[in-house]
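User: Could you walk me through the ligand site and a pocket, and tell me how each label is earned?

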Amino acid sequence: MASALTPLLQSRHIAHPLPGPRSRELQAVRDREVTSAFGSALPVFIDRAEGGILLDVDGNRIIDFASGIAVTSVGASNPFVQARVAAQLEQFTHTCFMVTEYEGFTEVCRWLNAHTPGTFDKRTALFSTGAEAVENAIKIARAATGRPNVLVFDEAYHGRSLLTMAMTAKVNPYKLGFGPFPEQIFRAPNAAPLRWPGGAENATVEALAAVETILADNGPETFAAMVIEPIQGEGGFLVPAPGFLAGLRAIADAHGIVFVMDEVQAGMGRTGTLFASEHDGVVADLMVTAKALGGGLPLAAVTGRTELMNAVHTGGLGGTYAGNPLACAAALGVFEALEDGTLLAHATTIESVVRARLEPLLDSVDVVAELRGRGAMLAIEFA
Ligand SMILES: *Cc1c(COP(=O)(O)O)cnc(C)c1O
């Protein structure tokens, strides 16, 4: 356990040029043994992680700006997460919730029901990965509506499983050579202000009109769900134009379409609020969470209106490892870490520090096209 180790200094320190000699040895083994289909951003092997720092096998301390790909929002090896996982490890690691139950699963569901936007009665289902949870949201929406079709958006990322690949926009690397895909997926433009052809100020109205056209062309009554990220993550931290999410909400209501918010990447405190959709004041029928939810252990959830969540026949949802006890314990640690609001405020502080430094570049450097995002989820675009 990390408590037996000396704390990792929260500073960058390069002892050997990256990748160091031990990382290069391990990389040679990796290249011999692991499929080349997995890329890696930095060919460096990690020995320990704590807070925002990764310690590699050559003694380098590097800053984890990737946050374990948007997972370690409460910091790597967070003490609340570690303590709960360690305790759970001593008790039991698995029973399968569909066979015999445990309280941690219920407690995670209770927290999500209480803290996700929307004052209506809710239920939650737990899964292991974001893609799995997004797929299950579609299963729930189809079961509840009896409709087949799903509306998604340009630049969307929803995962790598067959259905979520179809929902994901980018072909290379995610979809290349992996088709055919399910056909019931329709894609609408996303009101991303920077490159909207009709100008940023018209993005919301024109994008909503395009959505209405797609629905009208295919029959709005055939759409079970529309699925959108409140801030697109993999798409480039694209914040939707003001009013776009609210406009989609109104369209979904008008046609009885289940509005699914994919908060897998933007949720769980990263943008300075618990959920990114809170910035727009838009409440989803079903919300999908994962990534930072489990604080580094695989956990995902669908939370939403009871009448939708309970529309599926008993036994219709599940999974061997869905809501694994260790992952649930980790999530309860994440909730504890978020409880006093300090980390949410810190995400907002990160935004103001970064904006103060980078905003002047918009005027002074030609190739800086946009600075965007919310809280600690910020991007600078060069063009
Ligand atoms: C990462 C991600 C997913 C998929 O999650 P996995 O746990 O990798 O399956 C889905 N939606 C969004 C917005 C994501 O960022």
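Here is a short conversation about the ligand and the second largest pocket.

Analyst: Glad to help! This is a predicted model, where local features need pLDDT of at least 70, side-chain atom pairs count only at pLDDT 80 or more, and totals for chains, interfaces and linings use all residues. Residues are numbered from 1 along each chain as its sequence is written, and side-chain values use heavy atoms, with hydrogens and water left out.

User: What makes a residue part of the ligand's surroundings, and which residues are there?

Analyst: A residue is near a molecule if one of its heavy atoms lies within 4 Å of it. The residues around the ligand include Thr 129, Tyr 157, His 158, Glu 229 and Asp 262.

User: Why is the pairing of the ligand with Lys 291 called a polar contact?

Analyst: A polar contact is a pair of N or O atoms within 3.5 Å. A ligand oxygen lies 2.6 Å from an N or O atom in the Lys 291 side chain, so the pair qualifies. Taken alone, the ligand exposes 380 Å², and the protein buries 82% of that (Shrake-Rupley method, 1.4 Å probe).

User: Which residues lie nearest the centre of the second largest pocket, and what makes a residue part of its lining?

Analyst: Lining residues have an atom within 4 Å of a point of the pocket, which is an open set on a 1 Å grid over the protein atoms alone, where a 1.4 Å probe fits, with protein on both sides within 12 Å along at least five of seven lines. Of its 24 lining residues, Phe 97, Phe 105, Thr 124, Ala 125 and Leu 317 lie nearest the centre. The lining divides into 11 nonpolar, 10 polar and 3 charged residues, with Asp, Glu, Lys and Arg counted as charged.

Conventions: A polar contact is a pair of N or O atoms within 3.5 Å; within protein, one must be able to donate a hydrogen and the other to accept it, and residues adjacent in sequence count only if both atoms are side-chain atoms.
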